[in-house]
Amino acid sequence: MNKKITTSALLSVSAMLLGCNNSALLSEPAAKSKVTTGAANISQTKDIVSLQQHFAEHFKIGTALSRAQILKEFPQELVAAKAHFSTFTPENSMKWERIHPEPEVYDFLASDALVAFAQENNQELVGHTLVWHSQTPDWVFENDAGEPLTREQLLARMEQHINKVAGRYKDKIFAWDVVNEAFNEDGTLRESKWLEIIGPDFLAQAFTMAQKAAPNAKLYYNDYNLFKPEKRAGVIKLVNDLKANGVRIDGIGMQGHYALDYPDLSQMEDSIIAFAQTGVEVMITELDISVLPFPEDSEQGADVGLNVELQAKYNPYVNGLPLAVEQQLADRYKQLFTILKQHSDKLSRVTFWGVSDRQTWRNDWPMTGRTDYPLLLDRELKVKSFVTEL
Ligand code: G3I
């Protein structure tokens, strides 16, 4: 049975621990909040509790933290994060372009702070991410003359980066998303500089290097749209090939960038079952459910390369979320968590991609400046009322 305590009591304790003024915390308007009035207010509840406690008997609950949150620019978000989540992922701070922007330049400010924060609070940290086609500077793939590196040169650069970054936190970080988003929707490997220059074994090479640099960290593959049968098959083949070649992989992260009508949750369930059968851990990572209409001719999922011009018809809830749509969101989350709880024996973690609706990448993808409501905490950092039913 989960022990229920009031949100305000919980926030009082957390605020004291962080040295914040609790009354200010509870009453302060959200720094970036665009919506605090009207129908949106109905979504607030009093009797939850902390998300991590609410779901404790099923799985660990995590969130992504932005650089600004990690560096305490939004102390209320950190208080909420500490209260509600037991595992953290840096939203951007450990991506190559951030942590290693130039050949001889590393920026460990935010990642060191996050590692310290997680350690102080006894929370798990998942590093994100060592090898990705996106957010990786062009210089990584070129020599000083701007010519493409050879396979051996790029492997050496990959190893040097992994040693430096994963090695720095080798006994302090719980797990790494070693490779991120290497597959196309049809289950073939995505065209990328990694594939082009190194070849298809770049994944095995990355996992091998991560294992050497951080032998005690768990090693994961992470991707979106893994509910799709073709993409699922590609990832299962990857896991089996790695294992057959003696390369350790400990888990598959299924990003959950979903919407009210996307995806077919029975396909997601099939993937959880199929991935678990490979013998590795399965996790829902990057969970959020957008309530906004999606441009008809664009591919849903989480391709960060997609950028559509802002149009009012795709941004209908600027002044608050109508009750009927909030009910749809509640129903969708209930359907999703019914399935996740049924398979909690296979799921080690459910991580949301952000703390609250006021700071979620969903407000800016696939077009910037929208008002979305995809998470379980609203813009005032209050738990939405339907969460008691999850
Ligand atoms: O911090 C700068 C700011 O200084 C600048 O003024 C502004 C101008 O555009 O950009 C800000 O950086 C943005 C950053 O998010 C922080 O908001 C970047 O442009 C933007 O590209 C970046 O987007 C991130 C995206 O990955 C690309 O790295 C999102 O925050 C992050 O949520 C998203 O996360 C990815 C996962 O890593 C992998 N799976 C998909 C997921 C969602 O796209």
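Tutor: A residue is called buried when its relative accessible area is under 20%. In this predicted model, buried residues make up 57% of the 390 residues in the chain.

Student: How many helices and strands does the chain have?

Tutor: The chain has 13 helices and eight strands. Of the contacts between residues at least 6 apart in sequence, 79% join residues at least 24 apart.

Student: Why is Glu-286 called buried, and where does it lie?

Tutor: Glu-286 has 5% relative accessibility, and the cut-off for buried is under 20%; therefore Glu-286 counts as buried. The residue lies in strand S7. Its phi is near 55°, a positive value in a residue other than glycine.

Student: What makes Lys-72 count as exposed?

Tutor: The relative accessibility of Lys-72 is 54%. Exposed means over 50%, so Lys-72 counts as exposed. Lys-72 is placed in the loop between helix H4 (67-70) and helix H5 (75-84). Although Lys-72 is not a glycine, its phi is positive, at about 65°.

Student: Why is Glu-147 called partly exposed?

Tutor: Its relative accessibility is 45%. Because partly exposed covers the range between under 20% and over 50%, Glu-147 counts as partly exposed. Glu-147 belongs to the loop between strand S3 (124-132) and H8. Leaving aside residues up to four places away in sequence, Glu-147 touches Phe-141 and Glu-142.

Student: How do you know that the length of helix H12 is close to what is expected?

Tutor: Helix H12 (residues 265-277) has 13 residues and spans 19 Å from its first C-alpha to its last. The expected span is 1.5 Å times one less than the number of residues, which gives 18 Å for H12. The value of 19 Å is close to that expectation.

Student: Which residues of H12 are buried, and what covers them?

Tutor: Leu-265, Met-268, Glu-269, Ser-271, Ile-272, Ala-274 and Phe-275 are buried in H12. An α-helix has 3.6 residues a turn, so residues three or four places apart point the same way. The cover over the buried residues of H12 includes helix H11 (229-244), helix H13 (323-342), and strands S6 (251-259), S7 (281-290) and S8 (347-352). Just after H12, Gly-279 adopts a positive phi of about 95°.

Student: Why are H11 and H12 called roughly parallel?

Tutor: H11 and H12 pack at an angle of about 15°, and their axes are 10 Å apart. Angles under 35 degrees count as roughly parallel, and H11 and H12 are therefore roughly parallel to each other. The contact involves Pro-229, Arg-232, Val-235 and Ile-236 of H11, together with Gln-267, Asp-270, Ser-271, Ala-274 and Phe-275 of H12. Five residues of this contact are nonpolar, two are polar and two are charged. The crossing of H11 and H12 is right-handed.

Student: What angle do helices H8 and H10 make, and which residues form their contact?

Tutor: Helix H8 (residues 151-168) and helix H10 (residues 202-213) pack at about 35°, with axes 9 Å apart. Their crossing is right-handed. Among the residues in contact are Leu-155, Met-158 and Ile-162 of H8 and Phe-202, Ala-206 and Met-209 of H10. By class, this contact has nine nonpolar, three polar and two charged residues.

Student: Where are the cis peptide bonds at His-128 and Tyr-262, and what is omega?

Tutor: The bond from His-128 to Thr-129 is cis, with omega near 0°, and Thr-129 is found in strand S3. Tyr-262 and Pro-263 are joined by a cis peptide bond with omega about 0°; Pro-263 sits in the loop between S6 and H12.

Technical notes:
Residues numbered from 1 in each chain as written. Predicted model: local features only at pLDDT ≥ 70, side-chain atom pairs only at ≥ 80, totals over all residues. Heavy atoms only, no water. Helix = DSSP H or I, 4+ residues; strand = E, 2+ residues; numbered from the N terminus. Buried < 20%, exposed > 50% of the residue type's maximum accessible area, 1.4 Å probe, protein only. Contact = heavy atoms within 4.5 Å. Axes fitted to C-alpha atoms, helices over the stretch in contact; angles between N-to-C directions. Parallel < 35°, antiparallel > 145°, perpendicular 65-115°, else oblique. Left-handed = near helix turned anticlockwise from the far one by under 90°. Nonpolar A, V, L, I, M, F, W, Y, C, P; charged D, E, K, R; others polar.
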